[in-house]
Amino acid sequence: TGGGSLRFYKAGSQVGYIQLDASEEMIYYQPSGEGHLFYAGGSPALKIQYDGAIGIGTTAPGVVGLDVQKSSASVIAMFLNSHATGYGVKFKATAGQTDRYIATFNDKDDAVKATITGTGQVRSLGGALSSPSFSFTNDTTTGMSRPTTGAINFVTAGTERVRIAADGKVGIGVASPGDLT
């Protein structure tokens with residue numbers, strides 16, 4: 001029990017310390033206002049600025065709270081729930097593609113369920129009557145989905161009410177819209 005500390009001095013004055021407190025939490029203190037810089041493999045890897053901004057892959061985090069930059073891989077950051085076996089969000093950029101994905105939302109098997117592209121387009125799976133692709137948090141059986149290629153349907157209470165077919169025909173209360181006569 002108890003703690004210990006490693007203190008740093010410059011010109012006879014303490015400029016910071018690393019301490020293990022009684023509860024075994026590590027405390028790193030540096031009051032000069034310059035922030036903290038951590039290295040990995042001989043290169044800067046993490047910066048915590050004096051204002052609380054955190055930079056990963058950059059020594060100059062922007063004005064946001066968390067600034068993650070990576071130049072060598074397509075996946076920039078992943079936020080995964082390992083307890084639920086991988087559900088989460090990946091932020092990525094694919095060099096050379098005009099349709100870069102900004103974020104992908106993945107299931108436990110890492111299958112992409114939805115994406116937001118660099119052009120601002122939101123893409124989702126087709127959905128089903130019982131769970132339309134675009135629905136509401138408090139009413140998940142009401143919304144819009146894609147029943148077949150090139151078609152859109154509008155669903156309320158888990159039942160298809162309106163369908164716009166690939167040929168542009170609109171059906172209300174029918175799954176196969178026909179010509180008006």
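Here are three short exercises on a predicted model.

**Exercise 1: K47**

Work out whether K47 is buried or exposed, and which residues it touches.

Solution.
- Start with the location: K47 sits in strand 5, which covers residues 43-48.
- Next, get the relative accessible area, which comes out at 15% for K47.
- The cut-off for buried is under 20%, so K47, at 15%, counts as buried.
- Finally, list the contacts, skipping neighbours within four places in sequence: K47 meets E34, H36, L37, A53, I54, G55, T58, T59 and P61.

**Exercise 2: strands 15, 16 and 17**

Trace how strand 16 pairs with strand 15 and with strand 17.

Solution.
- Take strand 15 (residues 134-136) and strand 16 (residues 139-145): they run antiparallel and are joined by three bridges.
- Pick out one pair: F136 has D139 in strand 16 as its bridge partner.
- Now look at the link: two residues lie between strand 15 and strand 16, and the two strands make a hairpin.
- Move on to strand 17 (residues 152-156), which pairs with strand 16 over three bridges, again in the antiparallel sense.
- Here S145 is found opposite N153 of strand 17.
- This pairing is a hairpin too, with six residues between the strands. In its turn, G150 shows a positive phi of about 80 degrees.

**Exercise 3: T115**

Decide whether T115 is buried or exposed, and find how many residues separate T115 from T104 in sequence.

Solution.
- T115 belongs to strand 11, residues 112-117.
- Its relative accessible area is 6%, so T115 is buried.
- Along the chain, T115 and T104 are 11 residues apart, while their C-alpha atoms lie 4.4 Å apart in space.

Technical notes
Residues numbered from 1 in each chain as written. Predicted model: local features only at pLDDT ≥ 70, side-chain atom pairs only at ≥ 80, totals over all residues. Heavy atoms only, no water. Helix = DSSP H or I, 4+ residues; strand = E, 2+ residues; numbered from the N terminus. Buried < 20%, exposed > 50% of the residue type's maximum accessible area, 1.4 Å probe, protein only. Contact = heavy atoms within 4.5 Å. Pairing = 2+ DSSP bridges.
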